[in-house]
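Me: Please take a close look at one part of this structure, the side of one chain that touches the other. Some background on the chain as a whole would help.

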Amino acid sequence: MREKWISRSIQIAGFSSILFLLLIFIFLIREGTPALGEVSLKEIFNIRWYPIEKYFGTLPLIGGSLLVTITSILIALPFGIGTAVYIAEIAPEGIKQVLKPLIEVIAGIPSVVLGFIGILVLAPFLRKFLNLPTGLTAFAGSLLLAFISIPTIVSIAEDALYAVPQSYREAAIALGASHWETIWGITLPAARTGVLTAVMLGIGRSLGETMAVMMVTGNAPVLPIKWNSWFLPVRTMTATIASEMGEVASGSVHYHVLFFIGIILFILSLIINVTASWVTFKKRSREQAVS
Amino acid sequence: MNANKKHTSIQKQRTQKMGFGLVWLIAFLTVLPIVSMIGYIVIKGSGTMSWEFLSQPPSHGMREGGIYPAIVGTLLLTLGTAIFSVPLGLAAGIYISEYAKDNLWTRLIRIAIISLAGVPSVVYGLFGLGLFVLFLKFGTSILSASLTLSIMTLPVIISTTEEALRSVPARFRIVSRSLGATQWQTIQRIVLPQALPGIITGIILGLERAAGETAPILFTGAAFFLPNLPKSIFDATMALPYHIFVISTQVPGMPIQIQYGTVLVLLIFVLSMNLIATLIRANARKKRQW
């Protein structure tokens with residue numbers, strides 16, 4: 001009897017994640033979709049975000065998010081993959097024991113602390129070094145985001161490299177390839193799906209990051225389409241929600257639009273994560289079919 | 001012919017040396033910022049550390065005094081998050097590892113966990129505002145903030161619990177069941193104790209993240225300034241991460257030592273959780289007999 005009761009509650013707990021995901025979706029829809037009745041779609045996807053004057057164009061915010069996310073991934077990618085290769089293929093055991101916890105420490109640093117250092121150290125440095133009017137720019141945000149997404153990329157790419165069968169490496173060495181040629185020509189290409197997953201999840205991590213970006217990007221909702229947009233202030237979707245939600249009356253148009261931006265973020269993160277896991281899942285089932 | 005061969009092999013070695021050097025440099029440059037950043041904060045912030053700083057509320061528009069209410073607030077929020085997320089995450093992890101069959105529902109649960117893990121933290125904040133603060137009328141409170149952080153932490157705890165349970169060999173379960181133990185008895189007395197270090201590591205890492213988060217508590221429970229401690233779970237509270245955001249962006253003329261001191265306190269809090277988790281894991285790995 002007691003056993004049955006326990007199994008029941010464990011089962012209910014097991015399904016809780018589905019429930020919470022649905023609840024998040026329902027409440028975002030509930031608070032966000034009224035925006036579509038109050039502001040036309042054309043206005044929502046316009047280029048002017050100025051809520052006080054009732055301009056709710058979200059394009060500058062979407063553009064800001066895209067700019068810093070893509071730039072950050074381009075910066076993080078060589079560092080993330082390079083570090084993963086070093087840890088998985090080259091580093092002696094002793095160095096590995098130091099590197100891996102350090103990467104984990106990066107993942108554990110609160111983003112508000114990175115934002116703080118960004119304001120006090122990174123932005124003034126960039127301002128001086130690049131001779132800019134302000135260091136609080138898209139580029140500063142991208143650098144912090146790159147740092148934030150590196151642990152995600154390293155750990156997934158590392159797993160992907162470990163998953164490459166040892167026999168591949170042995171075969172390459174036996175055919176006369178050097179250790180480096182084996183890594184570059186065999187191991188890394190064999191792990192490419194895992195690397196792809198790492199990139200996608202890194203993008204997801206960057207896109208959703210809030211505090212660090214909000215603190216260092218200068219918060220100017222301008223569509224970043226100029227060649228020097230990297231070195232101008234921008235504003236992301238996440239930063240807009242975080243900085244404006246505290247000041248709006250619940251139930252106002254502005255409030256609904258902020259929730260609508262939340263829906264966009266939620267759906268983007270859903271697409272990224274489900275695709276990434278689907279890619280991994282497909283690869284795994286193919287491997288099982290082979291073996 | 002022979003000389004040619006020798007030539008390529010030298011070139012090969014040179015390429016390899018350069019490649020290894022490059023990769024080493026990349027790894028070094030990746031961890032350099034974190035080491036120097038922590039060192040910098042320790043140097044800049046340690047001068048501020050004093051009993052007064054840790055035990056007094058802020059005064060004079062936060063430009064003097066300490067950060068006591070923010071420290072207590074972060075402890076309360078972390079505890080609140082643990083109360084909700086640990087039992088639920090543990091049970092969910094047990095379900096997926098020990099009970100769930102490989103069917104559509106289980107696959108859906110997995111997708112849900114992965115999706116929850118990827119939801120941006122500020123979206124959790126919106127959700128907490130919509131559900132806990134407004135719909136359930138908990139208000140901007142410790143309760144709302146803890147519940148929001150719990151749901152954000154849940155996927156971490158579920159995944160690490162599942163992974164820890166799965167690493168316990170199947171023969172342990174088979175032997176226990178063949179000796180007449182029920183499934184729950186097997187889980188409770190055989191599997192869980194073996195997986196415990198892994199589970200605890202996961203819980204600590206999940207809570208570490210919750211303790212440092214700002215975006216989910218911005219509109220659900222964090223307060224700009226409160227001289228007194230919260231009296232019930234329906235009160236808002238100060239918290240270290242939000243306090244750092246406030247004093248570094250919202251208060252003009254904020255003394256720099258207080259800013260670095262506050263960051264150092266949060267860093268010590270978070271990094272010691274990280275260290276404990278790492279030690280538990282390393283220790284368990286050494287002791288493991290299977």
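Reply: **The contact side of chain A**

Chain A has an average pLDDT (the predictor's confidence in each residue, from 0 to 100) of 91, and 96% of the residues score at least 70. This is a predicted model, in which local features need pLDDT of at least 70 and side-chain atom pairs count only at pLDDT 80 or more, while totals for chains, interfaces and linings use all residues. Residues are numbered from 1 along each chain as its sequence is written, and chains are lettered from A and ligands numbered from 1 in the order in which they are written.

Chain A holds 14 helices and two strands; these are DSSP runs numbered from the N terminus, helices being H or I with at least four residues and strands E with at least two. Of its 291 residues, 49% are buried, meaning that 20 or more other C-beta atoms, placed from the backbone, lie within 10 Å of the residue's own.

Now the part in question. The contact draws 68 residues from chain A and 67 residues from chain B, where two residues are in contact if their C-beta atoms, placed from the backbone, lie within 7 Å. On the chain A side, helix α2 (residues 16-32) gives the most, with 11 residues. That side divides into 43 nonpolar, 21 polar and four charged residues. Here Ala, Val, Leu, Ile, Met, Phe, Trp, Tyr, Cys and Pro count as nonpolar, Asp, Glu, Lys and Arg as charged, and the others, Gly among them, as polar.

Among the elements of chain A, α2(A) also has the highest mean pLDDT (96), whereas helix α14 (residues 253-290) has the lowest (84).

How values were computed. A residue is buried if 20 or more other C-beta atoms lie within 10 Å of its own, exposed if 12 or fewer, and partly exposed in between; C-beta atoms are placed from the backbone.
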